[in-house]
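Colleague: I would like to learn how to read a ligand site, going from the space itself to the contacts and then to the surrounding elements. Could you take me through it step by step?

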Amino acid sequence: MQIVDKIYIDGAFVKPHGDELFDLFNPATEQVIGRALLADAQDARDAIAAAKRAFPAFSTTDKRERIEMLMRMHDAVVAKEEELCLAITEEYGAPVSRGRWMAQHASNVLLEAAKVLEDYAFTRRAGAAEVVMQPLGVAGLITPWNSDAGFICGKLASALAAGCTAVIKPSEMSAIQTRIVTEALHEAGLPSGVVNIVTGRGETVGAQISSHPDVAKLSFTGSTAVGKTILRAAADTLKRVTLELGGKSPVIVLDDANFDDVVPLAIQAGFMNSGQACIAGTRILVPQKRLEAFEARVREEVARTQVGDPRDPQTTVGPMVSQKQWERVQRYIRIGTDEGARLIAGGEGRPDGIGAGWFVRPTVFSDVTNDMAIAREEIFGPVLSIITYRDTEDAISIANDTNYGLQAYVFSADAKRAREVASRIEAGRVLVNTLAHEPAAPFGGFKQSGIGREYGTFGLEAFLEPKAVLAA
Ligand code: NAD
């Protein structure tokens with residue numbers, strides 16, 4: 001049983017003022033594995049005050065000093081990779097193959113930010129003016145449970161590279177992973193108050209950070225509903241806001257696609273992170289005339305998908321993070337059936353042979369129309385919808401007929417044709433015949449998938465304000 005009873009304020013691990021004890025579960029066994037003592041609004045205010053005190057000195061550090069800090073943070077997180085990977089598997093339920101990637105991603109984002117900073121010019125000319133990119137101030141960073149360490153380190157990397165100080169509010173469900181990351185960051189020896197981490201509830205700690213007048217910038221990753229609440233709370237003090245929200249990403253399979261190549265990628269895109277991924281490809285658009293062959297290939301692929309013990313290297317789909325999330329996914333499977341969609345794999349209940357844990361049967365519906373709830377709403381579990389289209393124009397129109405626009409996938413035997421389709425998709429990132437990740441490229445959503453971009457130069461500039469100086 002792990003007890004996480006400290007938060008991190010002003011360079012020190014301190015007991016929170018808050019007194020709520022929150023149970024931490026292993027989602028693969030449903031057992032309580034720890035308890036976290038949650039921070040409250042007072043703790044959030046203390047953390048903001050520490051970040052405010054640290055800002056004047058930190059904002060004047062030069063590029064070299066900040067690159068060195070990012071490198072120290074990187075090395076410290078690398079040193080915790082093993083511990084972090086174990087915690088990701090135990091506390092979150094990520095299959096170990098995914099957990100390893102997530103643990104490495106947490107250190108890589110720090111390295112990437114250092115590279116961006118190396119090449120970045122904080123001063124440039126615009127006509128007669130000198131334009132100086134100035135750090136915004138105290139940044140409030142609010143993160144979800146589906147990649148705790150990666151989001152904490154990613155947001156922090158850009159904020160610190162820009163010269164902002166930070167108050168981080170991670171998900172209360174990830175307290176063990178957060179403790180490990182916090183210890184690593186402490187070991188990196190940053191000046192006191194530059195990084196503060198207060199694990200607590202969204203409605204208290206998150207709401208305090210989103211409305212506090214001393215917070216200049218908010219960067220939030222989470223659901224679209226909470227993103228809208230945060231945007232409203234930020235309006236009174238006109239904070240700069242970056243929102244990375246939900247998705248309902250289309251996977252467009254063009255009529256010339258080779259299904260032997262494409263179906264494994266489509267299933268991987270749909271079931272990534274056990275379906276708990278904002279970028280999961282959950283609407284698979286297939287030419288009407290090739291539906292039968294596609295379904296047959298999908299059935300084979302899903303039958304090969306191993307769901308179960310996340311510690312088993314062969315497992316690709318682990319449990320849902322919580323009972324609430326498990327119930328939500330079950331409800332959507334029921335809704336899909338009630339709406340008249342046809343199950344071709346999976347369905348309600350636990351997978352055969354699994355008696356405990358919040359495991360879901362990897363599920364695929366066919367005969368889905370784009371107006372059904374299962375095609376419009378983010379389920380956040382391994383539940384995919386196959387939607388047929390008549391021709392390429394129809395496919396593009398269905399792909400874009402969504403409130404979201406985070407990511408899209410296009411598969412075709414003809415790369416040029418696939419790129420043409422990609423150019424017409426309303427999404428922040430389009431992957432053509434690949435599932436590759438590019439850490440230097442901007443990441444973020446069109447429409448209700450968010451506002452602004454993270455990573456690379458765009459991510460850095462989200463923490464900067466241009467100031468034009470004109471002198472006689
Ligand atoms: P969530 O919106 O419920 O919570 C995210 C964070 O916001 C948590 O730390 C939570 O405590 C906090 N929060 C809740 N209410 C708040 C409030 N009123 N004020 C301030 N903070 C508040 O999301 P979740 O369930 O933790 O994560 C899943 C969601 O995150 C999905 O919708 C997913 O698509 C999205 N997500 C988006 C991206 C992206 O980059 N676009 C990446 C991962 C996850």
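Colleague: Which pocket is the space taken by the ligand?

Modeller: Bear in mind that this is a predicted model; in it, the ligand takes the space of the largest pocket.

Colleague: Which residues are the closest to the ligand, and how many surround it?

Modeller: The shell holds 29 residues, with Thr-143, Lys-169, Ser-223, Leu-245 and Glu-378 the closest, and it divides into 14 nonpolar, 11 polar and four charged residues.

Colleague: Which atoms of Thr-143, Leu-245 and Glu-378 approach the ligand?

Modeller: A polar contact is a pair of N or O atoms within 3.5 Å. For Thr-143 a backbone N or O atom lies 2.7 Å from a ligand oxygen, and for Leu-245 a polar backbone atom is 2.7 Å from a ligand nitrogen, whereas Glu-378 places a polar side-chain atom 2.6 Å from an oxygen of the ligand. Taken alone, the ligand exposes 850 Å², of which the protein buries 88%.

Colleague: Which elements give two or more residues to the shell, and why does the ligand lie between two domains?

Modeller: Those elements are α7 (202-211), β11 (217-221) and α8 (224-235), and α7 supplies the largest share, four residues. The ligand lies between domain 1 (2-245 + 448-469) and domain 2 (250-438) because both give residues to the shell around it.

Terms used
Residues numbered from 1 in each chain as written. Predicted model: local features only at pLDDT ≥ 70, side-chain atom pairs only at ≥ 80, totals over all residues. Heavy atoms only, no water. Near = heavy atom within 4 Å. Polar contact = N/O pair within 3.5 Å; in protein donor to acceptor, adjacent residues only side chain to side chain. Areas by Shrake-Rupley, 256 points an atom, 1.4 Å probe, with all protein chains shown as cover. 1 Å grid on protein atoms, 1.4 Å probe; cavity = no way out; pocket = protein on both sides within 12 Å on 5 of 7 lines; lining within 4 Å. Sits in = over half its atoms within 2 Å of the grid points. Nonpolar A, V, L, I, M, F, W, Y, C, P; charged D, E, K, R; others polar. Domains from an automatic or database assignment.
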